[in-house]
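This report describes the surroundings of a ligand and the nonpolar packing of the protein.

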Amino acid sequence: MSDIEKLMKAKIACVETGIEIKRTLCDICCPVMHCGVDAYVKDGKIIKIEGTKEHPRSHGKLCTKGAGGRQYVYREDRLKTPLKRVGERGEGRFEPVSWDEAYRIIADNLLKVRKEYGADSVAFFSGYTKWYRQYLHRFAYSFGSINYGSECSTCFKASEMAWAATVGLDSQPDMENSNVILGFALNGFHSNHLLSKRLLRLREQGKKFIIIDPRKTPATKKLADIHLQIQPGTDGALALGMANLIIQNNWHDKEYIEKYTYGFEEYAEYVSQFDLATTARLTGLKEEDIYEATKLYATNGPASIMETSCSITHHTNGFQNYRAMICLNGLTGNFDRPGGQIPEQSTFYDMPAGFRMYEHEYYLDVQPDRKHDAVGCRKFPLWSKFMDEMQAMDLSRQILEGTPYPIKAVYGAGMNMKIFPDTKKMAEALKSLDFFVDVDLFMTSTAKYADIVLPACTSYERGEFKAYIGGYATYTKPVIEPLYQSKSDVQILKELADVMELDDELLRQGYDAEINYMIRDLSFTIDDLKASDLPIKVKEAREAEPGEFTKNGMGTPTGKFEFYSNYIAEFKDMGLSPIPTYSGTLDDEDMDRKEYPFILVTGSRLPNAIHSRIHNLAWARSLRKDPMVDLNLEDARDMGIEKGDMVEIQTITGSIRMKANPSVKIRRGDVQLYHGYTEANANDLIGSRHTDPYSGFPGFKSSRCRIVPVPCS
Ligand SMILES: Nc1nc2c(c(=O)[nH]1)N[C@H]1C(S)=C(S)[C@@H](COP(=O)(O)OP(=O)(O)OC[C@H]3O[C@@H](n4cnc5c(=O)[nH]c(N)nc54)[C@H](O)[C@@H]3O)O[C@H]1N2
Ligand SMILES: Nc1nc2c(c(=O)[nH]1)N[C@H]1C(S)=C(S)[C@@H](COP(=O)(O)OP(=O)(O)OC[C@H]3O[C@@H](n4cnc5c(=O)[nH]c(N)nc54)[C@H](O)[C@@H]3O)O[C@H]1N2
Ligand SMILES: [Mo]
């Protein structure tokens, strides 16, 4: 083998091989990560990827999903051209059309709906990908529609709302300065690999961890001093029971409560009913474990709470459970104190990067007059108070029923009906539309319902602005040309705005104009960012100072930490409670416990999957070949079910089949399965009306089910 061949084989970047290293980020999962990637490019093709060692956030790490990035980009079933539907909706028969023709058809149809029914009858929806969202949001508003929405209707925003209702701002745990960390549903090992590194470091430093999780997980094994293996959906009862114990034992911070909080008396009176026995009964925990955990948390401060935004809120009582948890911070005087919870303003896409951008102004500047409430906003008024987007969990109903006004067309960017509860209902809704356009990388089961499907490109084929925690900003460059005829979402929207002649000069100037607008008060320019292939430190960035917020007054009507939320009190007559009351998720359902004996939790994260997206990626799929339902080993034994047996999971909404995976990690009585599979879609099991009245979030993790063995055929 010649020297060059050896260099080529080892994929060494140098002049001799013609291999170049080009830097970008991986956007396969959450914006908190978006790890730096070194793409090895030869002749316009990515031949290898690695994590960027010098990246200030990810330090060279990539997770299981990101490591498969090259496979993702080069998946053979990438959409290659714009497509026009020629078969029935959902059938999947399309023919290629030119971009010009596709734009013309979209423009004609959206304008027609606007003319006949009004602009609000066109809804704009974004799936997981975030970078183009402000642009899409402004597009919707410029078009005249109030109905912009996103996957946020199920993710993160309920917790943001709970913080807003209590203190007016989001917050982060200052774990580095805590003695004790109370981890509600904390398991970064599957969902946030950068967080898991940090947690292990904190553990090595001797911090105490209490982890509340129905499952045994890497976090309960590697971190927990106390593991509370709680019944799903009962975290609120636990938090209220803890509050009661804290007050009874005089472990609360009376001075802090007196000076900085509001509504303590009412809250204290309410929590008094959650004595140890009641709390243990509701949560399925042992009294002594609750006592030990509460004592450790309340008497060894400073203590912080590290929670995950979704497991607590994916319940029909999730918002109040989350608020009950937040209230522990006020009770123990740990809010806005070193080692406790530190309030932080988001910079861009929920990243608290420590500097201010004109993010929301970019679209709010052109917000149309509200002729109607946005979809879901009448039903979920608290959502509407805090969020400037629709609560899309009511979208399928509104499309099908046409009330309070019709939705006749949808522009979907990565819209995926498999993540909506009662997916079949969403399919029916999409079928009934006058017009549906979907932009995606692949021909998803959702795209099959579209009249026009447009091919988007991946983050490797475009550039994007991004702010990172720690005070960083970056603007990536494409590492390869967009494959086939694909384009970036913003380019598509910009070209469509031109064809539609939208009256919005700033929008029509494109993405860089958007970013320039947002960073206009900051000391760097887009060119500065583009000149560096790593994130740069932003001069204006500053770390949140504990105590500032308490001193200057919080963002609530009373300026205090509100156990009794005055924002929520506005909706008392609609049955919303200003104190964090607890209600069971499962008792009030129209179903018989004997018929559906198991608690069904859908969507606890798998390290090798991200929603519906990479189930088809060979590397990722090889780690868990088949969709599997995890259930307790003894429960399985009682039913005569063994590993690999096919079982049917049935709820009042629907049924799906999966292989059984009996495990000691699962609590008796619980059933856990992952979502997003085409062949076994968890959301066929979840009812669309099974939502939290405060946030509109679905009860993805609070349904009942039964397991029926499927005889071998
Ligand atoms: N049962 C159950 N359901 C759940 C959850 C659960 O725990 N249980 N979790 C919920 C949560 S927290 C979330 S965040 C949602 C996630 O729900 P979604 O965001 O809908 O999930 P994805 O499967 O990631 O779908 C995104 C789609 O965008 C496409 N896509 C990827 N990149 C791009 C791009 O750059 N442009 C365009 N136009 N399209 C792109 C993908 O191919 C994919 O089809 O799921 C929710 N649904
Ligand atoms: N690999 C991977 N990573 C992801 C994603 C992915 O799909 N795959 N999705 C991303 C997205 S959009 C999100 S929102 C985040 C979610 O991030 P996380 O919320 O961290 O994800 P989960 O693993 O679903 O939840 C953590 C733990 O919550 C537990 N749990 C379930 N129900 C309850 C409950 O009622 N109470 C308590 N106390 N615990 C409960 C589960 O057993 C699980 O171990 O993950 C992000 N990261
Ligand atoms: Mo999410």
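## Ligand 2 and the nonpolar cores

In this predicted model, a nitrogen atom of ligand 2 lies 2.9 Å from a polar backbone atom of His190. This and two other polar contacts (pairs of N or O atoms within 3.5 Å) are listed below.

| Ligand 2 atom | Protein partner | Distance |
|---|---|---|
| nitrogen | His190, polar backbone atom | 2.9 Å |
| oxygen | Arg215, side-chain N or O atom | 2.7 Å |
| nitrogen | Leu606, backbone N or O atom | 2.7 Å |

Taken alone, ligand 2 exposes 900 Å², of which the protein buries 97% (Shrake-Rupley method, 1.4 Å probe). Its shell holds 33 residues, with Asp213, Asp235, His315, Ala609 and Tyr674 the closest (a heavy atom within 4 Å). By class, the shell has 15 nonpolar, 12 polar and six charged residues, with Gly counted as polar. Ligand 2 lies between domain 3 (171-343 + 553-574) and domain 4 (598-709), because both give residues to the shell; the bounds come from an automatic or database domain assignment.

The largest nonpolar core has 101 residues, and Tyr297 and Leu328 have the most contacts inside it. Such a core joins buried residues (under 20% relative accessible area) through side-chain atoms within 4.5 Å. Domain 2 (83-156 + 350-475 + 483-537) and domain 3 each supply at least three residues to this core. Tyr297 touches, among others, Val180, Ile210, Met242 and Leu328 (heavy atoms within 4.5 Å). A second, separate core of 81 residues includes Phe355, Phe465, Leu529 and Ile610.

Residues are numbered from 1 along each chain as written, and chains are lettered from A and ligands numbered from 1 in written order. Local features need pLDDT of at least 70 and side-chain atom pairs 80 or more, while totals for chains, interfaces and linings use all residues; side-chain values use heavy atoms, without hydrogens and water.

Notes:
A polar contact is a pair of N or O atoms within 3.5 Å; within protein, one must be able to donate a hydrogen and the other to accept it, and residues adjacent in sequence count only if both atoms are side-chain atoms. Buried means under 20% relative accessible area, exposed over 50%, partly exposed in between (1.4 Å probe, protein chains only). Lists of a residue's contacts leave out its neighbours within four places in sequence.
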